[in-house]
Amino acid sequence: MKRNILIVEDEAAISNLIKLNLQSAGYYTEQAYDGETALALILENTYDLILLDVMLPKIDGFTLMQKIEHLDIPVIFLTAKSDVINRVEGLKLGAEDYIVKPFEAIELLARIETILRRFNKVNNILRFKDIEINVSEHIVRKNNEIIDLTLKEYELICILVKNKNIALSREKLIELVWNFDYLGGTRTVDMHIGTLRRKLDLQENIKTVYKIGYRLEE
Amino acid sequence: MKIWFKLYLFSIILFSLIFWITVFVIIETFHNNTLTQQVTNSLNEHQNIYNGINMDIPAYEKLQRYSRDTLSSTQTLVSSFNVYASNYNSDNFYLELYNDKQEVIFSNTNFIDNISREDLNNLKPNTRQYIIKDIGDRSYIFISSILKFSDDNYYFSYIYDLTNIYDERSEQYNFTLKLYLCFLVVFMFLMFIISNFLTKPLSKLTQATIKITKGKYSERVSVRSGDEIGILADNFNHMADEISTKIDKLQEQNNEKQRFIENLTHELRTPLTSIIGYADYLQRSKYDEKVFYEGLEYIHKEGQRLQQLSFKLMDLLLIKKDSFEFQKYGIKDICSQSIGTLRPKILEKSIDIELIGDDFECYMEQDLMQVFFINFIENAIRASYEDSRIIISIDSNNQQVTITDYGIGMDQENIDKIFEPFYMIDKSRTRSENGAGLGLALCTKIAEFHHIKIDVVSELNKGTSIVLTFNNNQGGNQDA
């Protein structure tokens, strides 16, 4: 089931950018460009999560937050203001998280996923074509057959599936799978990608992106 | 040492000093007078006795010459002395007689033994010598002269006890000391109160300074006296007023600066988010023509916005008075040129714009002045509804230009802030016209150079009037 996310942001450029990123990660999105429209949309539809800018025309983010608090929809504030007081105020109002512009798409997606997981709104099963990853059981099946993967291979395929259609740099993958302190060089990533391609028959789907890294394509 | 204590201590010392000097002078003068009096009396007495005996001596000499049975010279003198010594009924008075070998032949003293007698040394006939000497705890005056009797020289001394006079002086000192101690107690008590009273305002001031140092800038002292301390307190209060005003001002400036930085960050972060985000997205996602060109357009547009912002910021931060030349121009020309520049926007909203009033000339930097008017007129256009009007009226008598629109207007809160950099009343509207909220901040700076006073009158939903008063005809040249 795809999750529905409302993007409340008055800057069309940023709003569209978020939309693009969320869509490629497999979310439904809707957009509102001011507080009033957003409030109407929220009261009318059901959303799994709201990305809410603070400085909005008509009704500002904090006020809007107070008005929709009772609906218990997880909210992530998006703001250009980075000072602590704003952050604290936002979180006090019951926001789940606080993202300061400019942000990285991957970070935004990671945070959204964390919150959805906390609200039990994340599938425990990730799917990609005929591959099915059961996150709670740590089991990967292809055509209902269990495939044996090492821990790092498993983490790598999870990240690729979660960020499908988006290229991930080798550095980013090392950071996410092997943690920051890994000193082995990017060669390891290439080796693991090779194994994954072979084990899961993904030669066509895991594309090497020139100068960057890898992208899982449908 | 505290000032009241210093005052207290020094006044006590001064009091004691003056008291004792006065007392010393009085007692010593009195004593000296008494002493001189007594010495004169003693000299007279001595003279009397001396004369008395001397008068008797010729008679005795005659008797000696004619009678065998007469007494010796020495005996005669001794008997004579006895008569004098017993006739004077005074305890304080003594007589002595020595022969020329300095042996005592008569003395009614009971104390003179082995005492050097300077008064007897080098004594010459027909002269007398006296000396005042202390013997034990008593003082005596010794007056001596030579008696001649039958060719023999006798030394005659008259001694008078002066102890009383010295005792009297000591008694006076003793009495004065007691008097002094009584006075001192009273004086110390009064002075304690006085010095505390006099320095009380100072401790009040000190307390106030401590409180002010701790940040209670509203603290004042109430000292009502016309003296220096009163003036000091007044000045202190005045200073505190000034400080608290300055601090409020600094606080306000600080807040302004804080807002400026916050706003600047916001203005930078927003386009940067788009630029970085799209560049990143396009680089990493699968090629899609629509998304690709859309993304590039955003990057381009936001890049332009950043450029605009940086240029305006440069203008705001870098314009300096000495880099401009001021020349005389007509205000009306500048206004109509500005209107010309804005023509497309005016037509777009079909606004009727009127320029009325008599022209006046002013020293100005033409380009800056144009930026100045364009900004105000542009804001008036933004605030106006479609098909409404804007009136620019020039008043040559008062050297004023008033730009009036009949648009959305604003409340007091907004009026106070519109000249702050990055301030936007309606964020989305301004953005769509590529504004960064720097225009009026720039105007403030330009007005500063040209000594123009800006007044804003506005009412929500009724419109806004900007009154520009050109304060002097020299424009910026005044300080140049």
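Biologist: Two strands count as paired if DSSP finds at least two bridges between them. On that basis, how many bridges join β6(A) and β7(A)?

Modeller: Four, and the pairing is antiparallel. Keep in mind that this is a predicted model. Strand β7 covers residues 131-134 of chain A.

Biologist: Which residue of β7(A) is the bridge partner of Arg127(A)?

Modeller: Glu132(A) is the partner of Arg127(A).

Biologist: What sheet do those strands belong to, and in what order do its strands run?

Modeller: An open sheet of four strands in chain A, ordered β6-β7-β8-β9. Its pairing is antiparallel.

Biologist: Why do β6 and β9 of chain A each have one side without a neighbour in the sheet?

Modeller: They stand at the edges. β6 (125-128) and β9 (145-147) of chain A each have a single partner strand, so one side of each is left without a neighbour in the sheet. As for the twist, it averages 30° from one strand to the next.

Biologist: Staying in chain A, which peptide bond is cis?

Modeller: The one from Lys101(A) to Pro102(A), with omega near -10°. Most peptide bonds are trans. Pro102(A) sits in the loop between β5 (97-100) and α5 (105-118) of chain A.

Biologist: And what is the phi of Lys58(A)?

Modeller: Positive, about 70°, although Lys58(A) is not a glycine. Most residues other than glycine have a negative phi. Lys58(A) is also in a loop, the one between β3 (49-53) and α3 (61-68) of chain A.

Biologist: Over to chain B. What is the strand order in the five-strand sheet?

Modeller: β2-β1-β5-β4-β3 of chain B, an open sheet with antiparallel pairing. The edge strands are β2 (104-107) and β3 (128-135) of chain B, and each pairs on one side only. From one strand to the next, the twist averages 20°.

Biologist: How many bridges hold β3(B) to β4(B)?

Modeller: Eight, in the antiparallel sense. Strand β4 covers residues 138-149 of chain B. One pair to look at is Ile135(B), whose bridge partner in β4(B) is Arg138(B).

Biologist: Which helix packs on that sheet?

Modeller: Helix α1 of chain B, residues 3-66. The helix touches β1 (93-98), β3, β4 and β5 (152-161) of chain B. Its direction makes about 25° with that of β4(B).

Biologist: What does Phe15(B) touch?

Modeller: Phe15(B) lies in that helix, α1 of chain B. Leaving out residues up to four places away in sequence, Phe15(B) touches Tyr180(B), Phe183(B), Leu184(B) and Phe187(B). Look at Met188(B) too. Its C-alpha atom and that of Phe15(B) are separated by 9.9 Å, with the two residues 173 apart along the chain.

Biologist: Back to the sheet. How many bridges for β1(B) and β2(B)?

Modeller: Three, again antiparallel. Leu97(B) stands opposite Phe106(B) in β2(B).

Biologist: How many residues sit between the strands in that hairpin?

Modeller: Five. In that hairpin Gln102(B) takes a positive phi near 65°.

Biologist: Now the interface. How many residues of each chain are in contact?

Modeller: 23 of chain B with 31 of chain A. The buried area between the chains is about 2,400 Å². Carbon and sulfur atoms give 58% of that area.

Biologist: How many salt bridges between chain B and chain A?

Modeller: Two. In one salt bridge the side chains of Lys286(B) and Glu217(A) meet at 3.9 Å, N to O. There are also eight residue pairs in polar contact, both residues at pLDDT 80 or more.

Biologist: Which elements of chain B give two or more residues to the side that touches chain A?

Modeller: α4 (228-284), α5 (289-318) and α10 (427-432) of chain B. The largest share, 14 residues, comes from α4(B).

Biologist: And how does the side of chain B that touches chain A split by class?

Modeller: Nine charged residues, eight polar and six nonpolar.

Technical notes
Residues numbered from 1 in each chain as written. Chains lettered and ligands numbered in written order. Heavy atoms only, no water. Axes fitted to C-alpha atoms, helices over the stretch in contact; angles between N-to-C directions. Contact = heavy atoms within 4.5 Å. Buried area = accessible area lost by both parts, 1.4 Å probe. Salt bridge = Lys/Arg side-chain N within 4 Å of Asp/Glu carboxyl O. Polar contact = N/O pair within 3.5 Å; in protein donor to acceptor, adjacent residues only side chain to side chain. Nonpolar A, V, L, I, M, F, W, Y, C, P; charged D, E, K, R; others polar.
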